[in-house]
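Please look through the structure below with an eye to its charged side chains, and then follow the paragraphs that come after it.

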Amino acid sequence: MWFLLYPHPRREVTEALVRRAEEAGCSALVVTADSPRFGRRTRDLRNGFDDLPPGCAAENMRDLPGAPPGALTDIPMHPAASWRDFAETVGMTSLPVWIKGVLHPADARLAVEHGAAGVIVSNHGGRQCDTAAASVDCLPAVVDAVAGAVPVVLDGGVRRGGDVAVALALGAAAVGVGRPVLWGLAAKGAAGVREVLRTLLDEYDHTLALCGGRRNADLSADMVVRGDAAW
């Protein structure tokens, strides 16, 4: 279980969230780096969804420093967050600290220099900037920039097992799966999540076999052909 950490403008709040994640048994922290502001999500705006429904709350934001007992702290974005802030977060804990939301190879190199335990290539599902490049298109350059110093994970656009195979072939150590899991949860609860994950694994195994492979390492970048490119 990893904890997704949005840096808070007040350092003491960030540090309190880190301590809570440690005490809850989380094995890693993932700092979100691509949200200096909330995304302009037109569907949410159209539906008037700008906060959690009445009776729902982000309970991990309750009883934090600077708030009255029992009160919730807002989750503001932190537009002034810097690499120094990220390095300070790394120094707050003995847990590995990953960074999520990296698309540019220069940022991947900076992440490693500032202590990242791993890099997650992600465009936030296209929900932060609708002109952002696809994660899979940015993956090879990030893998090259990191040069094996830390693992690289792809997040975004994984809908079938074949998508997993493409990501691994291009150098990802693993993939993140978001929306399909939520769809399974909405349809059938926990059983739906298991069904989604089983389906992805079965499809991946099928694709791997058709690529002539027996293990993840048998996939290579020269198996991926783009657009009008050819071998």
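With which residue does Glu-59 form a salt bridge? The partner is Arg-62, and the closest N and O atoms of this pair lie 2.7 Å apart. A salt bridge here is a side-chain nitrogen of Lys or Arg within 4 Å of a carboxyl oxygen of Asp or Glu, and by this rule the count comes to 11 salt bridges. Side chains of opposite charge can pair when their charged atoms come close.

The model is a predicted one, in which local features need pLDDT of at least 70 and side-chain atom pairs count only at pLDDT 80 or more, while totals for chains, interfaces and linings use all residues. Residues are numbered from 1 along each chain as its sequence is written, and side-chain values use heavy atoms, with hydrogens and water left out.

Glu-59 has a relative accessibility of 48% and Arg-62 one of 24%, so both count as partly exposed, a class that lies between buried (under 20% relative accessible area) and exposed (over 50%), with a 1.4 Å probe and protein chains only.

Another salt bridge joins Arg-215 to Asp-218, with 3.6 Å from N to O, and Asp-218 is partly exposed at 28%. Salt bridges that share partners also link Arg-11, Glu-15, Arg-19, Glu-22 and Glu-88 into one network.

Within that network, the side chains of Glu-15 and Arg-11 meet at 3.1 Å, N to O. These two residues are 4 apart in helix 1 (residues 11–23), which means that about one helical turn separates them; a helix is a DSSP run of H or I with at least four residues, numbered from the N terminus. Glu-15 is partly exposed at 27%, and Arg-11 is partly exposed at 40%.
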